[in-house]
Amino acid sequence: MSHRIRNHLGRRFRDLSLIRKIMFIYISISALPILILGIALVSQEGRTLRISARSAVRQTLMQSTAQMLSDIRVYDNLANYIAYNQSVSDVLSSNYNGRSFELYEQLNKTVDPILTSPTYFSHGINGITIYVDRDIPEHGDSIAPLSSIKDKKWYRDNRADFGAASVILIDKKEDKVRLVRTMPLMEQNGVNGILCLELDYNDFFGEYKDICGKGQGLFVFNKDGEAIYRAGEAGKIKNSGAYFKRETYDGHYIVKRRISGTDLTAAIYTGIGFSPAQHKTVILAFLAYIAIVASTLYIASVLFNHYVVEDISALGKNMVEVGKGNRTLTVKSDSADEIGDLIRGFGSMLDEENVLIKENYENKLALRKSEMKALQAQINPHFLYNSLSLINWKAIEVGADDISRITLALSNFYRTSLNRGKNVLTIEKEIENVKSYIAIQLYMHDNSFDTVIDIDEEILPYETLNLILQPLVENAIDHGIDMKESGRGYIKIIGRQDQDTIVLTVSDDGVGMDEETAEKITTFKSHGYGLANVNERIKLFYGEKYGVKVKSRVGFGTICTITIPKIHIKDKNQT
């Protein structure tokens with residue numbers, strides 16, 4: 001009798017909703033507080049937070065300092081490039097014997113380009129000046145006599161340190177940073193010279209600008225402990241020199257990092273860490289919750305495991321198997337609660353998914369493969385080659401050189417287009433194909449437009465799909481240049497590479513199109529072999545992030561950009 005009653009009650013409990021099970025379990029079990037455990041957990045958490053915060057600050061400072069050192073090495077390399085430039089040394093060391101115009105001409109043609117070129121590598125360089133210890137007129141901001149700076153404080157106080165190694169001078173009053181060194185090649189010719197790179201003050205310390213969080217500040221000190229740069233909340237601290245000497249100060253933790261190759265040290269201050277007294281109410285509530293949960297965890301876990309977790313675990317195992325590709329599972333449950341409904345719903349979903357995969361995915365994939373094969377089989381290559389060869393020989397027999405050249409161009413065009421039935425070829429072959437096509441079009445248009453083909457030679461061995469440039473050129477001629485009312489048109493084909501991609505562009509100066517038309521042209525399902533076809537082939541073969549993009553303005557022309565992955569055919573074949 002008691003056995004039947006237990007079975008009956010167990011069945012009723014199993015059929016309850018999940019929320020009622022949870023409420024019954026937690027309400028029916030009393031909990032004992034374990035405040036000590038909660039305090040220990042909070043204390044440990046606070047210690048972990050403090051360690052993590054200090055480590056994060058130290059890592060941030062280290063990374064910023066490393067980047068700053070990298071920038072300094074760039075400036076030093078640029079200074080070496082100028083200091084050891086033979087052309088600069090020869091011009092500034094030669095004796096022109098009153099031929100000032102010749103000196104002026106050499107400064108303009110030889111020295112100026114070399115001194116201005118480093119500014120293109122780094123926007124942090126405000127100016128470059130060479131001071132020469134000889135009677136030479138000033139030349140803009142780039143050449144000046146050494147006598148012009150002998151009374152300058154930065155030169156007077158530091159000239160004993162100037163040598164073949166660069167010296168960094170920081171003037172806080174003028175907000176200037178100078179990188180100074182001698183000119184060894186000029187000294188070999190008996191002429192002393194000082195090279196000075198004037199750097200942007202804020203850009204020089206730019207790596208430290210935004211690394212401080214709330215309640216943090218950064219100082220950069222010189223060897224005398226003077227703060228020459230501040231960031232974050234460092235402006236609130238007046239006695240900044242004290243931060244240079246200690247590990248902790250005034251309720252703050254200090255992290256320091258020496259900037260190698262300079263007499264500078266960077267220091268970040270941040271709060272000591274987590275303080276329980278500041279969050280008393282929140283901590284007590286958190287501890288009370290932890291105490292309740294911990295005291296009921298054991299008993300509640302037994303009930304959950306028997307009435308809830310076992311079914312969920314079974315469902316989880318089935319999901320794992322499905323994730324591995326096993327779609328032949330049969331998932332069942334006789335429970336009337338939400339977990340039972342979930343299990344039965346998962347089984348129904350799995351059955352429907354199998355049907356959808358078969359009807360939609362596999363059928364659609366087969367259809368696309370068929371379409372690709374049908375596209376490659378549209379032309380009979382042997383008949384075409386033989387016919388074009390016959391026309392070529394007939395043209396040669398009667399001396400029709402123009403007809404022979406057109407025939408050869410057409411033959412080359414279709415030979416690379418068909419590509420022996422292969423869908424991929426090298427970019428070099430694709431460029432040969434479009435050149436043949438353009439040659440035919442120039443004959444047909446009486447050379448009425450110009451072409452520019454600028455392809456990076458390094459990308460020629462890389463892979464591309466065949467016949468992706470010709471449709472773009474055809475559209476540029478038919479819908480761009482042919483529609484112009486006056487003037488010669490042009491078509492420009494450019495090929496470049498990025499780190500992982502190859503970008504091919506076809507641009508024209510035709511009539512252009514409006515923005516709406518340009519957006520739709522690559523997705524329009526036409527019956528011809530146009531931009532939509534090229535775009536779809538690229539996406540199907542390489543993935544959705546590749547394809548064709550079109551930009552155009554009415555009256556100005558159109559730019560079509562093809563983006564494909566960088567795949568070397570030789571490497572692919574070896575793989």
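**Two sheets, two cores and a kinked helix**

I will start with one pair of residues: I128 has L197, in strand β5, as its bridge partner. This is a predicted model, so please hear everything that follows as a description of a prediction.

That pair belongs to a longer run of pairing. Strand β1, residues 125–132, and strand β5, residues 193–200, are antiparallel and share seven bridges. On β1 there is also a parallel pairing, with strand β2, residues 143–145, and three bridges make that connection. One of the residue pairs there is V132 with P145 of β2. Strand β1 is mostly covered, with six of its eight residues buried.

Now the whole sheet. It is open, has five strands with mixed pairing, and reads β2-β1-β5-β4-β3. Which strands stand at the edges? They are β2 and β3, the latter being residues 167–171; each has a single partner strand, so one side of each has no neighbour in the sheet. On average, and ignoring direction, neighbouring strands in this sheet are turned by 25 degrees against each other.

Next, the cores. The largest nonpolar core has 51 residues, and I130, F205, Y208, L218 and V220 have the most contacts inside it. Helix α3, residues 35–83, contributes the most to this core, namely ten residues. As a general remark, nonpolar side chains in soluble globular proteins tend to be buried together.

Take F205 from that list. What does F205 contact once its neighbours within four places in sequence are left aside? The contacts are M68, I170, V177, V220, I228, Y229 and L264. There is also a second, separate core, with 35 residues, including I431, I491, I538 and I564.

That brings me to another sheet. This one is also described as open, with five strands in the order β12-β14-β15-β17-β16 and mixed pairing. Its edges are β12, residues 449–455, and β16, residues 547–553; one side of each is left without a neighbour in the sheet because each has a single partner strand. From one strand to the next, the twist averages 10 degrees.

At the β16 edge, β16 pairs with strand β17, residues 557–565, in the antiparallel sense over seven bridges. Within that pairing, R553 has G557 of β17 as its bridge partner. Helix α14, residues 427–444, packs on the sheet and touches β12, β14 and β15, where β14 is residues 489–497. The direction of α14 makes about 175 degrees with that of β12.

One residue of this sheet deserves a stop. S507 is found in strand β15, residues 501–508. Is S507 buried or exposed? Its relative accessible area is 13%, so with the cut-off for buried at under 20%, S507 counts as buried. Leaving aside neighbours within four places in sequence, S507 is in contact with Y490, I491, K492, T558 and I559.

Last item, helix α5. Where is the kink in α5, residues 100–116? The kink is centred on L107 and comes to about 40 degrees. L107 is itself buried, and the other buried residues listed for α5 are L103, T110, V111, D112, I114 and L115. In general, an α-helix has 3.6 residues a turn, so residues three or four places apart point the same way.

That is the end of the tour.

Key: Residues numbered from 1 in each chain as written. Predicted model: local features only at pLDDT ≥ 70, side-chain atom pairs only at ≥ 80, totals over all residues. Heavy atoms only, no water. Bend = angle between axes of the 7 residues up to and from the residue. Helix = DSSP H or I, 4+ residues; strand = E, 2+ residues; numbered from the N terminus. Buried < 20%, exposed > 50% of the residue type's maximum accessible area, 1.4 Å probe, protein only. Core = buried A, V, L, I, M, F, W, Y, C linked by side-chain atoms within 4.5 Å. Contact = heavy atoms within 4.5 Å. Pairing = 2+ DSSP bridges. Axes fitted to C-alpha atoms, helices over the stretch in contact; angles between N-to-C directions.
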